[in-house]
Amino acid sequence: KKNKYDEHFSLSRSYNFNTYLVTYSYNIMRTSSTIYLALSALISNGSHAFQLTHHHVVSSRFASVQSVTSLGSTKSSSAPSVVLDRVFEIDSRPIILFDGVCNLCNSAVNLALDFDPRGKLRFAALQSKVGKNLLQAHGRDANDISSIVFVTPKGAYTKSDAILGITQELNPLPFVPLKPLALAGQYMVPQILRDAVYDGVADNRYSIMGKRDECRFDADGEFDDRFVDDNLAEV
């Protein structure tokens, strides 16, 4: 017969083993998600995730190209809600708003262009007229470049949710879509952990690769249809 000491020892050993399994599984998930999100966050810049419709802000877990987009344009712009309607009126492809003076972010844009052979995504600098209007249309300050913004006809996302939303649209190799991996990251990795990794990269983006004086532009015109025409923001 087992005495009380043996029963206590057995229960203790079972408890310690279960605790070890939980801790071990958590560490694997944390390490995997950190590596994945650190790479994904190359497209990123920082701030809280949010989802917005055209008229309501809802919390969530989720140009032809200009030769040079000036940081100080003086032309008047249309109302933000009007610009929002214009950019999706005849083209429903999502738009990635990125920091146009961040070298790391611009390198990530090049990577996204390569990983999106079907042209499912469009781009615009946060500092552009279209970018500023889309920020305002979704309840953010026009000069807020703290976060990448993934804008869709149904709403918008920032931070790690934006990264995951973008990743779902990428297809780096034939028959190897990243959507399953992005969905796994969304549901298996806590948002607080995802955002922490995002912030770590975003907060140091300028020190990693520096910054430029002019926003993103495409001299060759190879991706004209992939950048939102900034004239859409003019009256």
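## Worked exercises on a predicted fold

Pro153 comes out partly exposed, at a relative accessible area of 33%, where buried means under 20%, exposed over 50%, and partly exposed in between (1.4 Å probe, protein chains only). Those areas are Shrake-Rupley values with a 1.4 Å probe, and for residues only the protein chains shown count as cover.

Quick ground rules: the model is predicted, so local features need pLDDT of at least 70 and side-chain atom pairs count only at pLDDT 80 or more, while totals for chains, interfaces and linings use all residues. Residues are numbered from 1 along each chain as its sequence is written, and side-chain values use heavy atoms, with hydrogens and water left out.

**Exercise 1. Place Pro153 among the elements, and find how far it is from Arg93 in space.**

Step 1: Look for the loop. Pro153 sits between β5 (149–152) and β6 (155–158). Helices (H or I, at least four residues) and strands (E, at least two) are DSSP runs, numbered from the N terminus.

Step 2: Take the C-alpha to C-alpha distance. Pro153 and Arg93 are separated by 60 residues in sequence and by 8.0 Å in space.

**Exercise 2. Take stock of the protein: how many helices and strands are there, and what percentage of the residues count as buried?**

Step 1: Count elements. You get 8 helices and 6 strands.

Step 2: Read them from the N terminus on: α-β-β-α-β-α-β-α-β-β-α-α-α-α.

Step 3: Check burial. The protein has 235 residues, and 46% of them count as buried.

Step 4: Add up the surface. About 12,700 Å² is exposed, with 57% of that coming from carbon and sulfur atoms.

**Exercise 3. Work out the strand order of the open sheet, then say which helix packs on it.**

Step 1: Find the pairs. Two strands pair if DSSP finds at least two bridges between them. That gives an open sheet of 4 strands in the order β4-β3-β5-β6, with mixed pairing.

Step 2: Pick out the edges. β4 (122–125) and β6 each pair on one side only.

Step 3: Get the twist. Ignoring direction, neighbouring strands here are turned by 20 degrees against each other on average. Axes are lines fitted to C-alpha atoms, for helices over the stretch in contact, and angles run from 0 to 180 degrees between N-to-C directions.

Step 4: Zoom in on one pairing. Strand β3 (residues 95–98) runs parallel to β4, joined to it by 4 bridges. Ile96, for example, has Phe123 in β4 as its bridge partner.

Step 5: Add the helix. α4 (residues 129–137) packs on the sheet and touches β3, β4 and β5, contact meaning heavy atoms within 4.5 Å. The direction of α4 makes about 100 degrees with that of β3.

**Exercise 4. Find the salt bridges of Asp91 and Lys129, and decide whether each partner is buried or exposed.**

Step 1: Set the criterion. A salt bridge is a side-chain nitrogen of Lys or Arg within 4 Å of a carboxyl oxygen of Asp or Glu. Searching the whole structure turns up 9 of them.

Step 2: Start with Asp91. Its side chain meets that of Arg122 at 3.8 Å, N to O. The two are 31 residues apart, with Asp91 in the loop between α2 (80–89) and β3 and Arg122 in strand β4.

Step 3: Check burial for that pair. Asp91 counts as buried because its relative accessibility is 18%, and Arg122 is buried too, at 5%.

Step 4: Move to Lys129. Its partner is Glu234, at 2.6 Å, N to O. This pair spans 105 residues, from Lys129 in helix α4 to Glu234 in the segment after α8 (205–209). Lys129 counts as buried at 14%, and so does Glu234 at 18%.

Step 5: Try a third bridge. Arg140 and Asp144 meet at 2.8 Å, N to O. Arg140 is buried at 14%, whereas Asp144 is partly exposed at 21%.

Step 6: Look for shared partners. Asp91, Arg93 and Arg122 are joined by salt bridges into one network.

**Exercise 5. Which sign does the phi of Lys159 have, and is Lys159 buried or exposed?**

Step 1: Recall the background. Most residues other than glycine have a negative phi.

Step 2: Read the angle. Lys159 has a positive phi of about 55 degrees, although it is not a glycine.

Step 3: Place it. Lys159 belongs to helix α5 and is buried, with a relative accessible area of 6%.
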